[in-house]
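Here are a few notes for when you open this one up. Have the viewer ready and read along point by point.

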Amino acid sequence: MSSSILVTGGAGFIGSALVRRLLLSTESNIVVLDALTYAGNLENLDGVIDGHRCRFLRGSITDTRLVETILQGEKFDGIINCAAESHVDRSIESAVPFIHTNVVGTQVLLDVARRQNVRRFLQMSTDEVYGDLPRNADAFRSTSPLAPSSPYSASKAAADLLVLAAHRTHGQDVVITRCSNNYGPRQFPEKFIPLMILNALEGRPLPVYGDGRQIRDWIHVDDHCEAVIRAYHDGDSGAVYTIGGDCERENIDVVHMILKATASASAVTHVTDRPGHDRRYAIDVSETATRLGWTPSIRFEDGLAETIEWYRTHQAWWTNVKSGDYRTYYERHYGSFHEGTL
Ligand SMILES: NC(=O)c1ccc[n+]([C@@H]2O[C@H](COP(=O)([O-])OP(=O)(O)OC[C@H]3O[C@@H](n4cnc5c(N)ncnc54)[C@H](O)[C@@H]3O)[C@@H](O)[C@H]2O)c1
């Protein structure tokens with residue numbers, strides 16, 4: 001029987017898309033470890049957890065004893081670490097949970113993986129570790145210097161360095177993927193694209209930070225997951241792979257695309273910009289294309305239309321998500337200009 005893969009954070013947006021894809025593309029059994037924070041949602045794995053090919057365990061990656069017990073219990077080929085506190089704005093409000101999960105949790109997984117002879121460790125990282133890219137500069141490559149701007153991106157950069165240190169010091173088999181901004185079904189609505197889609201669908205104002213001219217390199221979550229799976233199987237030990245959609249767009253243009261696609265009469269409301277907000281991210285995918293034989297395949301216009309349709313047809317999913325912690329967060333963060341409209 002083939003060995004298993006542990007996917008941490010598998011009840012989140014990207015983790016759940018990755019689990020679906022892994023089940024189709026590998027023979028391995030999948031074990032999901034997720035703490036089910038406000039961002040984790042078992043509904044993201046509906047129809048996927050069967051208790052056999054794919055199992056779910058609730059717990060934190062910071063819990064050494066739990067991780068040790070899981071990895072001792074059966075033969076694991078590898079770990080794909082998607083678990084994280086992932087929202088920049090929340091990290092600005094309160095950074096400690098980001099250090100705890102993103103930094104300490106990653107080290108716990110590395111240590112236990114080494115003790116239990118887990119072959120491969122893939123760290124899902126972000127292009128935000130490279131910081132702000134000037135408009136006229138070349139896109140980020142794997143070797144671009146780390147210059148994170150937010151507590152979130154600093155915690156992800158710290159984790160990347162720990163992963164590389166485990167490779168250098170202990171010879172651990174590690175791979176890091178650094179991806180640009182993802183969009184697609186099941187993304188928690190505090191993130192830019194689902195926030196704008198849901199506000200447009202509900203006829204509420206669309207809160208755009210500052211002048212809205214920040215540039216992001218959008219990639220569909222399925223393209224990202226395909227690249228991660230290739231890096232997991234074929235990536236060189238100790239290597240960093242940059243992943244992007246080759247699709248730079250200004251935020252304000254994305255907002256107008258969403259307004260048009262939803263035929264919404266919602267107003268755009270410019271709100272005070274995020275402190276330290278990076279103006280541009282962009283990824284050069286040529287290196288990864290050569291090394292992994294991967295390129296993004298979903299056109300932004302098509303992926304965005306499909307994503308809007310998903311949110312339009314999954315109202316129960318987002319009504320549930322928005323009823324809990326998210327509501328408190330939203331009112332605290334954006335409440336000053338349309339309090340009570342959530
Ligand atoms: N969303 C993006 O655009 C993007 C881009 C590049 C990289 N990434 C990275 O991809 C990964 C997944 O991002 P996402 O957007 O799916 O995030 P998400 O917030 O949707 O999901 C994170 C998941 O991790 C779980 N989690 C949090 N703390 C945990 C802990 N201590 N132990 C176990 N589970 C825990 C949550 O319950 C949730 O299910 C993150 O590492 C993020 O940094 C995200």
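1. To start with a definition: the radius of gyration is taken over C-alpha atoms, and the globule rule is 2.2 Å times the number of residues to the power 0.38. With 342 residues, that rule puts a compact globule near 20 Å, and the protein chain agrees, with 19 Å.

2. A word on the source. This is a predicted model, where local features need pLDDT of at least 70, side-chain atom pairs count only at pLDDT 80 or more, and totals for chains, interfaces and linings use all residues. Residues are numbered from 1 along each chain as its sequence is written.

3. How much of the protein chain is buried? Buried residues (20 or more other C-beta atoms, placed from the backbone, within 10 Å of their own) make up 48% of the 342 residues.

4. You'll find twelve helices and 13 strands in the protein chain. Helices (H or I, at least four residues) and strands (E, at least two) are DSSP runs, numbered from the N terminus.

5. Now the ligand: 31 residues surround it, each with its C-beta atom, placed from the backbone, within 6 Å. The closest are Gly9, Gly12, Ala39, Gly40 and Ala84. α1 (13-25), β2 (29-34), α4 (96-115) and β5 (120-126) each supply at least two residues of this shell, and α1 gives the most, with three.

6. Look at α6 (residues 192-201) and α8 (residues 251-262) too: their axes come within 10 Å and cross at roughly 35°. Here axes are lines fitted to C-alpha atoms, for helices over the stretch in contact, and angles run from 0 to 180 degrees between N-to-C directions.

Key:
A residue is buried if 20 or more other C-beta atoms lie within 10 Å of its own, exposed if 12 or fewer, and partly exposed in between; C-beta atoms are placed from the backbone.
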